[in-house]
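Got your viewer open and a hand on the mouse? Load the model below and follow along, one selection at a time.

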Amino acid sequence: MFALSLGDDGAELRPLEPWHAEEYFAHIDRGREYIGQYIALSDRATDLASATAFLQSYADKAAADSGRIYGIWADGVLVGGVLFRTFDAESGNCEVGCWLEEAAVGRGLITRAIRVLIDWAVEERGMQRVEWIAASSNTASINVAKRLGMVRDGVLRESNPYRGVRHDMEVWSVLAREWRERRASGR
């Protein structure tokens with residue numbers, strides 16, 4: 001399989017496959033509390049079987065061309081990942097997302113990895129709109145959307161029930177023409 005460099009710090013982006021389930025589960029276990037602050041990803045991998053099933057669901061999505069998942073490795077250790085949560089080639093719309101364990105925060109890994117995904121979605125697959133959806137209280141995630149040049153489309157008020165609380169969710173997006181303009185200007 002391929003590994004794409006995310007810069008000169010040795011970080012790599014690779015497909016996250018079902019055969020990575022043990023490594024993925026160990027990673028989720030290390031970051032369970034931090035990762036679970038805003039997203040249910042850590043709730044979906046409570047043991048090796050559920051971790052395998054989750055990764056298999058993305059292998060199935062990849063086969064159906066409706067989603068994909070990639071891991072971020074730093075110094076040879078899986079520390080987070082990015083994904084196409086949804087991918088609709090017919091409509092030209094997709095949604096990207098991410099997670100990261102706390103030890104890897106502050107290195108720009110997510111921003112760099114999401115740039116790779118958006119470049120591929122826009123340039124190789126012809127996506128016209130890439131969305132980013134995050135809890136309004138998730139400042140780190142909102143800041144990634146801003147760094148990527150996304151536009152805040154709006155807020156879905158109290159749309160996400162998570163751990164007994166209804167959270168406002170912000171929808172951010174970048175259109176293909178905006179992405180190309182941004183990349184051409186060197187941003």
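Here is a tour that begins with the whole chain and then stops at single residues.

**Before you click**

This is a predicted model, so to speak of a local feature we need pLDDT of at least 70, and side-chain atom pairs count only at pLDDT 80 or more, while totals for chains, interfaces and linings use all residues. Residues are numbered from 1 along each chain as its sequence is written, and side-chain values use heavy atoms, with hydrogens and water left out.

**Stop 1: the whole chain**

Show the protein chain as a cartoon. You should find five helices and eight strands. (Helices are DSSP runs of H or I with at least four residues, strands are DSSP runs of E with at least two, and both are numbered from the N terminus.) Trace the chain along its sequence and the order is β-β-α-α-β-β-β-α-β-α-β-β-α.

Now zoom out. Along the principal axes, the C-alpha atoms fill a box of roughly 45 × 40 × 35 Å. The radius of gyration is 16 Å, which agrees with the value near 16 Å for a compact globule of 187 residues. (That radius is taken over C-alpha atoms, and the globule rule is 2.2 Å times the number of residues to the power 0.38.)

Switch to a surface view. About 9300 Å² of the protein chain is exposed, and carbon and sulfur atoms supply 50% of that area. (Accessible areas come from the Shrake-Rupley method with a 1.4 Å probe; for residues, only the protein chains shown count as cover.) Of the 187 residues, 42% are buried. (Buried means under 20% relative accessible area, exposed means over 50%, and partly exposed is in between, with a 1.4 Å probe and protein chains only.)

How do the contacts spread along the sequence? Among contacts between residues at least 6 apart, 58% join residues at least 24 apart. (A contact means heavy atoms within 4.5 Å.)

**Stop 2: around helix α1**

Select H20, in the loop between β2 (12-15) and α1. Is H20 buried or exposed? H20 is buried, because its relative accessible area is 7%. Leave aside the neighbours within four places in sequence, and H20 is in contact with P15, L55 and W73.

Next, pick E23, which sits in helix α1 (residues 21-35). E23 is partly exposed at 32% relative accessibility. Not counting residues up to four places away in sequence, E23 touches W73, G76 and L78. So W73 turns up in the contacts of H20 and in those of E23. Try a distance too: E23 and L48 are 25 residues apart in sequence, and their C-alpha atoms are 9.5 Å apart.

Move on to L41, in the loop between α1 and α2 (48-63). L41 is buried, with 9% relative accessible area. Which residues does L41 contact, apart from neighbours within four places in sequence? They are Y24, I28, I35, F54 and W99. From C-alpha to C-alpha, L41 and F54 are 9.2 Å apart, with their positions 13 residues apart in sequence.

**Stop 3: two loops with a twist in phi**

Most residues other than glycine have a negative phi. Select D75, though: its phi is near 55°, a positive value in a residue other than glycine. D75 is in the loop between β3 (68-74) and β4 (77-88), and is exposed at 64% relative accessible area.

Then jump to R163, in the loop between β7 (151-162) and β8 (165-175). R163 is not a glycine, yet has a positive phi of about 50°. R163 is exposed, with a relative accessible area of 52%.

**Stop 4: E90 and the cysteines**

Select E90, in the loop between β4 and β5 (93-100). E90 is exposed, with a relative accessible area of 81%. Add M127 to the selection: the two are 37 residues apart in sequence and 8.9 Å apart in space, C-alpha to C-alpha.

Finally, select C94 and C98. How many disulfides does a search of the whole structure find? The search finds zero. (A disulfide is a pair of cysteine sulfur atoms within 2.5 Å.) Why is C94 unpaired? The closest cysteine sulfur, in C98, is 14 Å from the sulfur of C94, too far for a bond. C94 is buried at 2% relative accessibility, whereas C98 is partly exposed at 23%.

How values were computed: A disulfide is a pair of cysteine sulfur atoms within 2.5 Å.
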